[in-house]
Amino acid sequence: MKHNKPIMAFCQSEKIKSGIIWVSQSLQLLAGLHEPERGGGERMVKVLLEMVLSEVNLAETLVGAKEWEAVRGHLERAAVMINSGVAPESLHHLTQALSQVTNIGQRSMMQLKTEGLL
């Protein structure tokens, strides 16, 4: 079926957008925490980000679009910053990833509308 890819891209983009927003909001909450809560919060953010990266990998496998590589790159850079102890600075990369994912979802939705599926 030729409709599988845009449907999967749209579904994955919605899940991934939600995940990126959760990670971003969690990072902002870390600023108000003191040790040892901050350490636990950072571990939780890392887990959430790994889950989002898994969804991006799934999207790449299902859809095969090159755009997902750029999303993965931004998320991996965010992960490096979080692991390096400069978690708040990773918000820039998360924002870039969110923008990319939004564009993918928008293109998929437009294709589905054009084909009369939405």
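This note goes through the fold, the helix contacts and the largest pocket of a predicted model.

1. Overall fold. The protein has 4 helices and 0 strands. From the N terminus on, the order of elements is α-α-α-α. Along the principal axes, the C-alpha atoms fill a box of roughly 55 × 20 × 20 Å.

2. The loop between helix 1 and helix 2. Pro36 lies in this loop, ahead of helix 2 (37-63). Look at the bond that leads into Pro36. The peptide bond from Glu35 to Pro36 is cis, and its omega is near 0°.

3. Helix 2 against helix 3. The two axes cross at roughly 165° and come within 10 Å. Helix 2 is therefore roughly antiparallel to helix 3, given that angles over 145 degrees count as such. The crossing of helix 2 and helix 3 is left-handed. On the helix 2 side, the contact is made by Val45, Lys46, Leu49, Val52, Leu53, Val56, Asn57, Ala59, Glu60 and Val63. Helix 3 brings Trp68, Glu69, Val71, Arg72, Leu75, Glu76, Ala78, Ala79, Ile82 and Asn83. By class, this contact of helix 2 with helix 3 has 13 nonpolar, 2 polar and 5 charged residues.

4. Helix 3 against helix 4. Helix 3 (residues 67-83) packs on helix 4 (residues 91-114) at an angle of about 160°, and the axes are 8 Å apart. So this pair, too, is roughly antiparallel. The crossing of helix 3 and helix 4 is left-handed. The helix 3 residues in the contact are Glu67, Trp68, Ala70, Val71, His74, Leu75, Arg77, Ala78 and Met81. They meet His93, Leu94, Gln96, Ala97, Gln100, Val101, Ile104 and Arg107 of helix 4. The class count for helix 3 with helix 4 is 10 nonpolar, 4 polar and 3 charged.

5. Helix 1 against helix 3. Here the axes cross at roughly 20° and come within 13 Å. Helix 1 is therefore roughly parallel to helix 3, as the cut-off is under 35 degrees. Helix 1 passes helix 3 in a left-handed crossing. Ala9, Gln12, Ser13, Ile16, Ile20 and Leu27 of helix 1 meet Trp68, Leu75 and Ile82 of helix 3. These residues divide into 7 nonpolar and 2 polar, with no charged residue.

6. Trp68 and Leu75 of helix 3. Follow these two through the contacts above. Both meet helix 1. Both take part in the contact with helix 2. Both also belong to the helix 3 side that meets helix 4. Ile82 is listed in the contact with helix 1 and in the contact with helix 2.

7. The largest pocket. How much space lies in the largest pocket? About 160 Å³. Its lining is made by Lys5, Pro6, Ala9, Val63, Ala65, Glu67, Trp68, Ile104, Arg107, Ser108 and Gln111. The elements that give two or more residues to this lining are helix 1 (4-30), helix 3 and helix 4. Which helix gives the largest share of the lining? Helix 4, with 4 residues. By class, the lining has 6 nonpolar, 2 polar and 3 charged residues.

8. Pocket and contacts together. Several lining residues also serve in the helix contacts. Trp68 lines the pocket and meets helix 1 residues. Ala9 lines the pocket and is one of the helix 1 residues that meet helix 3. Ile104 and Arg107 line the pocket and belong to the helix 4 side of its contact with helix 3. Val63 lines the pocket and is part of the contact of helix 2 with helix 3.

Note on methods: Residues are numbered from 1 along each chain as its sequence is written. This is a predicted model: local features need pLDDT of at least 70, side-chain atom pairs count only at pLDDT 80 or more; totals for chains, interfaces and linings use all residues. Side-chain values use heavy atoms; hydrogens and water are left out. Axes are lines fitted to C-alpha atoms, for helices over the stretch in contact, and angles run from 0 to 180 degrees between N-to-C directions. Angles under 35 degrees count as roughly parallel, over 145 as roughly antiparallel, 65 to 115 as roughly perpendicular and the rest as oblique. A crossing is left-handed if the near helix is turned anticlockwise from the far one by less than a right angle, and right-handed if clockwise. Contact means heavy atoms within 4.5 Å. Ala, Val, Leu, Ile, Met, Phe, Trp, Tyr, Cys and Pro count as nonpolar, Asp, Glu, Lys and Arg as charged, and the others, Gly among them, as polar. On a 1 Å grid over the protein atoms alone, a cavity is a set of points where a 1.4 Å probe fits but cannot get out, and a pocket is an open set with protein on both sides within 12 Å along at least five of seven lines; lining residues have an atom within 4 Å of a point. Grid points are joined across faces, edges and corners, and a volume is the space filled by probe spheres set on the points.
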